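Colleague: Before I use these labels, I would like to hear the reasoning behind them. Could you go through them one at a time?

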Amino acid sequence: MDWREALRAVARHWWLVVVATVASVGIAGVLTATAVPQYRSTLTFFVSAPGQGVTESYQGGLFSQQRVKSYAALLTGDRLASAIASSPGIDLPASAIRSKISGRVVPDSVLLEVTVTDTDPHRARAIAAELARDFVVLVETLETPPGARTPAATVSVVSGPTLNLTPVSPQPVRNLGVGLVLGLLLGVAAALARSALDVTISSADQLRQLIHAPVLSAIPLEAAAKGSPLIMSEDPQSTFAEAVRHLRTNLRYVDVDHELRVMVITSSVESEGKSTTAVNLALAFARAGQRVLLIEADLRRPKISDYLGIEGAVGLSNVLAGLAEYEDVVQPWGRHEFWVLPGGFVPPNPSELLGSRMMAELVARVRQRFDVVLIDAPPLLPVTDAAVVAKLADGAVLAVRHGSTSRARITAAATSLRTIDVRILGTVLTMTPVGRRGAYYYAYRYGSTPTRRRWFTGRLLPKPAGRAPTSAVPAGPTAGAGTHPPSAVAAGNESVTAER
């Protein structure tokens with residue numbers, strides 16, 4: 001992970017940084033507010049050698065520096081603490097006094113700094129005063145040889161003890177500052193760890209590198225799509241519609257040497273937006289002047305007929321079972337050359353029907369009669385329906401939900417298609433956060449935008465009603481993209497236009 005990816009990870013998980021910072025600063029504030037104030041009294045000792053047996057001043061200085069290091073250890077010893085505890089006015093045990101005393105040798109000198117810390121400033125000064133007297137006596141006792149009257153080294157107080165009425169701790173500014181810095185570091189570390197451990201797809205680059213297929217479009221998350229998915233029809237100037245048009249354009253040029261007519265739209269698991277993508281992509285092709293057929297091949301959980309507001313009880317399953325001809329159940333929709341073959345009744349054996357000879361013959365027939373045939377197939381991993389259908393198509397488009405689909409599932413889905421030699425035309429990253437960098441579309445709003453359902457109003461606009469089944473479908477091979485259907489179809493479309 002380079003620094004750019006790290007910055008993107010922190011920006012993507014910014015809430016972790018905020019939570020960690022607020023929590024750290026809050027803890028620091030609580031600890032500061034509940035801490036008992038501490039006061040400090042200081043004094044300084046000077047260590048000297050009187051000169052007995054020491055004739056050179058330089059040697060005397062070295063002798064004193066060696067002694068002062070030993071004296072620092074005596075400050076926290078039991079003997080000195082017991083002497084201070086026995087003094088009147090000091091109502092503390094020797095063990096408590098030891099924890100309140102600390103000493104420091106001033107580098108390259110014979111000075112010894114002593115600090116006494118206590119919750120009571122007056123008691124801290126009293127302990128320091130007793131320490132000044134008892135420590136001098138202790139050193140003289142230890143440094144006086146047996147039978148001698150003069151000690152080899154002496155200590156004397158050169159400053160202190162002081163009385164400081166300002167507490168040395170807690171320090172609110174320092175504590176809150178430390179809490180702020182620590183919270184930021186913990187938040188950034190959590191964001192980077194979460195990004196590193198995230199097994200879902202969060203960018204088009206990750207998706208492209210994972211299955212080595214082009215990302216045809218990044219479709220943004222639309223709040224109203226769940227209740228009103230026909231965004232290409234209701235809000236054609238939205239960012240969602242622009243992303244679908246981007247997908248349509250890329251599919252036109254994904255293979256300039258071979259014409260793509262039959263394409264399967266599928267996903268690895270459910271709830272990845274494949275059906276919404278399929279119906280809006282079909283509308284986009286139809287708006288571009290092409291004859292489009294949308295086949296609802298998800299016979300287990302059909303949704304297309306509900307999205308388009310058409311009758312879905314009779315459709316593909318009836319045709320494959322030999323109960324109807326597809327010309328009798330295909331339904332035109334809208335003002336453009338757009339036909340829909342709904343799923344029909346839910347059969348007990350969808351995989352067998354979709355892999356039957358009737359399905360292959362149906363695909364071969366509609367391939368000759370329509371410019372674009374889109375097949376909305378079930379997810380690849382739960383069932384084998386999509387793989388069976390994709391074998392009959394020119395290729396498959398894999399829908400991947402941003403921040404939801406795991407890399408293992410995407411890899412498994414791509415492998416299942418490539419195992420049976422199905423060409424993956426590309427992928428579509430669905431439900432991407434609006435405004436995320438790396439998107440492949442730009443939306444320009446101009447003119448008036450059609451009124452559409454708003455998620456915050458709770459009101460749903462009426463869905464366009466589909467026509468009753470008709471036999472007015474394109475007959476015979478087409479001359480190419482954008483060719484007009486026979487006159488019967490044109491008449492049928494005119495009646496649909498008047499009806500809508």
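The exchange below takes up the labels given to this predicted model.

Colleague: What makes up the protein chain in terms of helices and strands?
Modeller: The protein chain has 19 helices and 12 strands. Its 500 residues are 45% buried. Of the contacts with a separation of 6 or more, 81% are between residues 24 or more positions apart. The accessible surface is about 24,500 Å², and carbon and sulfur atoms account for 57% of that.

Colleague: Why is the pair R104 and E113 called a salt bridge?
Modeller: The closest N and O atoms of R104 and E113 are 2.8 Å apart. The cut-off is 4 Å between a side-chain nitrogen of Lys or Arg and a carboxyl oxygen of Asp or Glu, so the pair qualifies.

Colleague: Are R104 and E113 buried or exposed, or what else are they called?
Modeller: R104 has a relative accessible area of 43%, and E113 has 31%. Buried needs under 20% and exposed needs over 50%, so both are called partly exposed.

Colleague: How do you know that D205 and R208 are about one turn of the helix apart?
Modeller: Both lie in helix α8, residues 204–211, and they are 3 residues apart. They also form a salt bridge, with 2.8 Å between the closest N and O atoms. D205, at 42% relative accessibility, is partly exposed, and R208, at 32%, is partly exposed too.

Colleague: What labels do E242 and R245 get for accessibility?
Modeller: The cut-off for buried is under 20%. R245 has 19%, so R245 is buried. E242 has 26%, so E242 is partly exposed. The two residues lie in helix α10, residues 239–253, with their positions 3 residues apart, about one turn of the helix. Their salt bridge has its closest N and O atoms 3.0 Å apart.

Colleague: Which residues are joined into one network by salt bridges?
Modeller: E325, E327, R365 and R369 are joined, through salt bridges that share partners. The count of salt bridges by this rule is 18.

Colleague: Why is E296 said to have no salt bridge?
Modeller: The nearest side chain of opposite charge is K274, and K274 is 8.1 Å away. A salt bridge needs 4 Å or less, so K274 does not qualify as a partner for E296. E296 is nevertheless buried.

Colleague: What lies around E296?
Modeller: E296 is in strand β7, residues 292–296. Leaving out residues up to four places away in sequence, E296 touches P302, K303, I304, S305, L316, L341, P342, G343 and D376. For S305, the backbone nitrogen lies 3.5 Å from a polar atom of the E296 side chain.

Colleague: What makes W14 exposed?
Modeller: W14 has a relative accessible area of 54%, and exposed means over 50%, so the label applies. The residue sits in helix α2, residues 14–34.

Colleague: Which residues form the nonpolar patch on the surface, and how do you know that W14 can be counted in it?
Modeller: The patch is formed by W14, W15, V18, V19 and V22, with about 520 Å² of accessible area together. Patch residues need over 30% relative accessible area, and W14 has 54%, so W14 meets that condition.

Terms used:
Residues are numbered from 1 along each chain as its sequence is written. This is a predicted model: local features need pLDDT of at least 70, side-chain atom pairs count only at pLDDT 80 or more; totals for chains, interfaces and linings use all residues. Side-chain values use heavy atoms; hydrogens and water are left out. Helices (H or I, at least four residues) and strands (E, at least two) are DSSP runs, numbered from the N terminus. Buried means under 20% relative accessible area, exposed over 50%, partly exposed in between (1.4 Å probe, protein chains only). Contact means heavy atoms within 4.5 Å. Accessible areas come from the Shrake-Rupley method with a 1.4 Å probe; for residues, only the protein chains shown count as cover. Lys and Arg count as positive and Asp and Glu as negative; His and the chain ends are not counted. A polar contact is a pair of N or O atoms within 3.5 Å; within protein, one must be able to donate a hydrogen and the other to accept it, and residues adjacent in sequence count only if both atoms are side-chain atoms. Patches are made of residues with over 30% relative accessible area and no salt bridge: like charges are joined within 9 Å, nonpolar side chains (Val, Leu, Ile, Met, Phe, Trp, Tyr) within 5 Å.
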